[in-house]
Amino acid sequence: MQSWRVSWRNIKDKKVRSILTILAIVIGVASTLATISMVQTTNKWIHSFTVDAFGRFDWLVSSEKGAFDERWVKELQAANGVESAVAEMAFVRPLDRIEGDNQEVPFENIRLIGVSDLASPVLDLKVVEGQFTSSGLVIDQVTSQLRGVDVGDRIYLKATSPNASSYLEVAAIIENTSQLNNSRQARDRLYPVDVFVPLAVAQQITNVDEQVHAVMLISDKSVSSDQVKRSLERAISSDPALYVQRSVADTQLAVRGLGELYQTLYVIGGLGLLIGSFIMYSTVYINVTERRRDFSIMKAVGYTSLQIKGHILREVVLLAFIGSIIGIGVGAILAIQLQEMLLNVFGNALPYEMALKEAVILSIIAGILLPVIAVWSPVAKASETSISYALRRVDKQSEGPKRKIALMIGLLCIIGSLFIDHMITFLPLFIGLALIFPYLFRIVHWTIRPLNRLIFGREGSMSSKQMLRTSRHFMTSSTILSFGITMLIYISALGNSFYMNLEQSSSTPVVTVKYANAISNEQVQELSQIQGVRQISTYASYFLPWKPQHTQHWTRLLELNSAEQSFIVNQDLSSELNKYTRLLESPNTIVLDREVFREWGGKEGDIFELETPSGVKKLVVIGTVGWGMANNNGFVSQRTLAESIGLPHNNMAILETDNPTLLKETLLAKHDMPIKSIGTMSDIMFLSKQQLEKTFGIINLIIYLSIFIAAIGIMNTMFMNTVEYARELGMMRAVGFTRWQVVKLLLSKAFIIGAIAAVIGILVGLGSMYLTVIQGYYLHLPIQFIIPWKDLFAAAATSIGISLLACLLPAYRAVNWSIAYAMKYE
Amino acid sequence: MMIVTRQVTKTFINGKEPFHALHQLNIKIQKGEFVAIMGPSGAGKSTLLQLIGGLDLPTEGEVLIDDIAMHQLSEKERTLFRRRNVGFVFQDYQLISTLTVEENVALPLEADHVSRLEIKTRVLKLLTLMGLENQAQQFPNVLSGGQQQRVAIARALAANPRFILADEPTGNLDRKRGTEILQLLTKLHKEERHTIIMVTHDILAAGYADRIIMIKDGSVQSDTTREEGDTDAILASFMAEYKR
């Protein structure tokens, strides 16, 4: 107990050092917690979204002609094994205004989803305010909150016929649901606002009495699936246009680049841990170096090496405990804030619960264990100090052989990272970089010496010389900062490349029209008669759950397309997909885009499991393709889609035209079509860009956070440096150095740290990007090597600026010590 | 250069209690003198040296150097004054371990932005004077204590100061090396006419000085020059006091 008390007193006596050490632990714990929690929360949220979107009902009955008679609903409800059924009729209408709408960007369109029974278990809607009525409109919480719409407010539609109601009144507000694709953000005009209305109201507005677009059914679980299907088919057998299929997800959720994001989060989380450990190492190293004399005295009076180790480790454990508690609080706040931002990027308003439990446990383990591991080397060195060695204050022996081994391991790590086709490649790259950093530091140091001298004059030369001789402390900070700059440059170069791809892809002159159900021949005919349409192709595109290898959950939705027509939408894809056209003719084969392929974790020839309307299907993966940013896709032949997967009906139309924007406007004006969404390639690209910007925005924010963390590391080093060299700084003041000259000495050191980190970070960042391109990280995806000049200057300025800023406080402290006090400082 | 302290008091706050390190102390030191300041531990010797060197300011009274009141100078002016007029030699040498011998000696000149060529010439001359010309590129930690103190003296002389303040310059050295350093200081005093003020409680060291000022409890107890009296008797009485 006494020894713990002594340790606690030591901690209290060295307040600045203790605070900086705690800060390092807080950084490590908070970044671990935030990363793990964010990844787990997002995964859970996607899983619940998938369940909500996919598992709501069991069967769907639609017509190849589009709409069909409402009387079939009763027939289907009466079929054997049917528990409940709801008829639906959805269409988009132009919106005049929403009463009370307080957003600057108004909605232009509204998607009215007319349903026969709002209270049906098929829909499972949960009323928050108001109640369902026979004429009132139902909105979700997100629309209510975003637009300031309450029960009783009116939504005015643009009049299209004399019979059409000019407004609808909000009767109820429901909990957010995946059935309404409303964003929590005020999005652009491309998105309509989704609302439910009673079926009769929808029929009245569209002027099509007793017609529906689909019937959704929940079956009795005690009756076998085949039996239900047979009885449903019997019920509709008199109308050959009607067909039955298992439910498929009805979603526009585009969770693009999620795999990349997870990996980036893990890399950045790991970086946080690494930075925290580096700071710990550096602090404890300086601490034990300063106290070597104390340790030698302890040894002289009979302490063993183990006792000395225990003495230092007790302090570290106490600090780790305090740091972990604070880190958990900080990490939880950080995770909650970043999670909110992340889910906003995906634009969905479904509720989520933060997954913190596991993250907290792992963070505590990391918070206690990592400091002990990080400080083990300096602690071991301190405990091995010989009595006479420390008492004479002789500097340490050369570490030549160790350095050489470190250099070799470092080079191996870097070379190894070139062969890893994964974001995890950053881990060996950073480890390698850290190990060879002393050499890089010296090389770059020599190159920036003239600039340093130009800026800081004689003081610059002096500090430069000193740094070369005591580079160890400064290298830690510079390494940390260079990691941050590397990530910044890499992400920036990658982002720029993606933007450029999107710019180049947006020129295809087509309009894609997604129908709620199968497209009938009549509808194709109708579309072909619209002015400006040159050619029409139809194809199938459905969202189906799939599971990555080595997991048990159907966690994600795959956008499954018929391969034969997909290429029309994307020219880049056509050449790649063409290679597989013949192979795809074999039944049960699939081509995946690389995003899905990587996340799936298998290899070509392996089985890819897909939850389809015909049950779980095992498809053989025969290849991969890239589709610009429109990832999360799978491609099968129309035959596989129809025969094996049970989705024989095309629901997408591609209209080739000279003026996509004009054609889109024309289509939007035709309000009676059961169209789910209309988009041009530039719309898709615009949305992709928007999402890309937000995703990269978050990643950049996290990177800037890690750079900020690096700044704390530098401040720590500079503080330690001023403390360690307090006597020398005092002596320099005594022999005639002015305060400003001492400040210049310290600033020059900070400049060197920042400049070296900038140079190495930029070089490694660009190098990584170049490797990504040539190594074919995305293989055929046309990633280009773009040097983001603006970002290079910004990164260099950030690196140097943050380093200089971090030095100001220690410098201020150093020059305000009394000279006599500084010279006596131990 | 005349150094005058007039009614100088220096008070430190030790916990809540004020502690007078110097109390209304008056001394005058003429140009070219070699003065030893003696006294028991805690008498205020080093504090006096710091005030004379402009490292610190008195709480009351004034320190005048050639009629310039130190407390009237700004921080920067005091630094410049120190740089050009004062050479410090400390008991624990205060050398920068990351700079070579040559670079350590050059420090005051670097601070003054003297040309590289002149620095080179002057440093070499000083190192030769100290017998350290072969150690110019060595780091301080490989030198003996005596050599390190000679480097410190060379640094103190680098800016060609008007007086040298030495705080226990032989305190960390054995008798033989201590004598070497004292002989060196005497040589500088005799040949170069440097004003030297040396704080010591080593009687033998004080014996090299022309004048001995004894301080006790922050005040001057005695002030004797060789011409005026028997310094040996003073030293003997100090010894008796010290032993008691």
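The following dialogue discusses strand pairing in chain B and the interface of chain A and chain B.

Me: On what basis should the model be read?
Reply: This is a predicted model, in which local features need pLDDT of at least 70, side-chain atom pairs count only at pLDDT 80 or more, and totals for chains, interfaces and linings use all residues. Residues are numbered from 1 along each chain as its sequence is written, chains are lettered from A in the order in which they are written, and side-chain values use heavy atoms, without hydrogens and water.

Me: In which sense do β1(B) and β4(B) pair?
Reply: Strands are DSSP runs of E, at least two residues, numbered from the N terminus, and two of them pair if DSSP finds at least two bridges between them. β1(B) pairs with β4(B), residues 60–65, in the antiparallel sense over five bridges; B:V4 has B:L64 as its bridge partner there.

Me: What does B:T59 touch?
Reply: Contact means heavy atoms within 4.5 Å. Not counting residues up to four places away in sequence, B:T59 touches B:T9, B:K10 and B:T11.

Me: How many salt bridges does the rule find across the interface of chain A and chain B?
Reply: A salt bridge is a side-chain nitrogen of Lys or Arg within 4 Å of a carboxyl oxygen of Asp or Glu. The rule finds four across this interface. The side chains of B:E110 and A:R458 meet in a salt bridge at 3.1 Å, N to O.

Me: How many residues does each chain give to the contact?
Reply: Chain A gives 27 residues and chain B gives 32 residues.

Methods:
Helix = DSSP H or I, 4+ residues; strand = E, 2+ residues; numbered from the N terminus.
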